[in-house]
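Please open the structure in the viewer and keep the selection panel at hand. The tour proceeds by selections, each followed by an account of what is found there.

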Amino acid sequence: SVVDVYDALTTNRAYRKSLSKEEAIAIIDKEGGKKFNPKIVEASKDILLAMKIEDNAPALSRDLINEIRFSYYFRDQLTGFFNINYLKFLLSYTEEYTIVCAYHINFINFTKFNMDHGWRKGDKLLQKFSEDLVEDHKECTLIRLFADNFLLISLEKYMELDCGVIERYEQEFSIKIRKKHIDMQNKEIDTFDKLENLILYG
């Protein structure tokens, strides 16, 4: 990944001396669109430039590398919670991570709300809705699948969906929010494609 290469370039190795931040980023930037996703390269530049590198620095800790990688790869840019990449990750490692319970939550005809009130207000509503939903389900994980579609999951135990937040938003903003329980223990749901098909087509 970008961070792994950056770590390798900016730390001393037995066969060469470490490069500066600028030199390392220039090399990575040159590989954008070839070895690396150009969007990820662009998103990581500011983070890497802001990092302090000491002379003769040892390799970055795996925890820090994972934290940097996580910050742009698994985070939804609008809400700050998880994005669809995190769900794909979980479903790729079912031996280590088991999604016990899930609820698909999506806004019905949210495009009309955006047209009536503006996209900025629509984005703010989704942000606040996400925060309030997580506040009422602190033991769960929220994933923004795309647009106005969310998945609330539990990795530890079965959970009941508290519809209080959903009902409040429906009343306050005159919108309709659909919620659907998904039995993740069903052996047929063992890949992201199968889950996506269930979410989209029921």
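How many of the six residues of S4 are buried? Six of the six are buried, so strand S4 is largely enclosed by the rest of the structure. Buried denotes a relative accessible area under 20%, exposed one over 50%, and partly exposed the range in between (1.4 Å probe, protein chains only). Helices (H or I, at least four residues) and strands (E, at least two) are DSSP runs, numbered from the N terminus.

The model is predicted: local features need pLDDT of at least 70, side-chain atom pairs count only at pLDDT 80 or more, and totals for chains, interfaces and linings use all residues. Residues are numbered from 1 along each chain as its sequence is written, and side-chain values use heavy atoms, with hydrogens and water left out.

**The whole chain**

Select the chain in cartoon representation. Its secondary structure comprises nine helices and five strands, in the order α-α-α-α-β-α-β-α-α-β-β-α-β-α from the N terminus. The chain has 202 residues, of which 40% count as buried. Contact means heavy atoms within 4.5 Å; among contacts between residues at least 6 apart in sequence, 61% join residues at least 24 apart.

**Strand S4 and its partners**

Select S4 (149-154) and display its side chains. In a regular strand the side chains alternate between the two faces of the sheet. Here both faces are covered: Asn149, Leu151 and Ile153 are buried on one side, and Phe150, Leu152 and Ser154 are buried on the other.

Next, add S2 (101-108). Six bridges join S2 to S4, and the two strands run antiparallel; two strands count as paired if DSSP finds at least two bridges between them. Tyrosine 103 stands opposite leucine 152 in S4.

Then add S3 (residues 141-146). Five bridges connect S3 to S4, again in an antiparallel arrangement, and leucine 142 has leucine 152 in S4 as its bridge partner. The S3-S4 hairpin has two residues between its strands, and alanine 147 in the turn has a positive phi of about 45°.

**The full sheet and its helices**

Extend the selection to the whole sheet. The five strands form an open sheet with mixed pairing, in the order S1-S3-S4-S2-S5. S1 (82-83) and S5 (176-182) are the edge strands, each pairing on one side only. S1 runs parallel to S3, joined to it by two bridges, and asparagine 83 stands opposite arginine 144 in S3.

Now display helix H7 (residues 119-135), which packs on the sheet and touches S2, S3, S4 and S5. The direction of H7 makes about 150° with that of S2. Axes are lines fitted to C-alpha atoms, for helices over the stretch in contact, and angles run from 0 to 180 degrees between N-to-C directions. Helix H8 (residues 164-173) also packs on the sheet, touching S2 and S5, with a direction at about 160° to that of S5.

**Salt bridges**

Side chains of opposite charge can pair when their charged atoms come close. A search of the whole structure finds six salt bridges, each defined as a side-chain nitrogen of Lys or Arg within 4 Å of a carboxyl oxygen of Asp or Glu.

Select aspartate 76 and arginine 144, whose side chains meet in a salt bridge (3.1 Å, N to O). Aspartate 76 lies in the loop between helix H4 (62-73) and S1, and arginine 144 in strand S3, so the pair ties together parts that are 68 residues apart in sequence. Both residues are buried.

Return to H7 and select lysine 128 and aspartate 132, which lie four residues apart, about one turn of the helix. Their closest N and O atoms are 2.8 Å apart in a salt bridge. Is lysine 128 buried or partly exposed? Lysine 128 counts as partly exposed at 41% relative accessibility, whereas aspartate 132 counts as buried at 13%. Add Arg168 to display the network of salt bridges that links Lys128, Asp132 and Arg168.

In helix H6 (residues 110-117), select lysine 112 and aspartate 116, also four residues apart. Their side chains meet in a salt bridge (2.8 Å, N to O), and lysine 112 is partly exposed at 45% relative accessibility.
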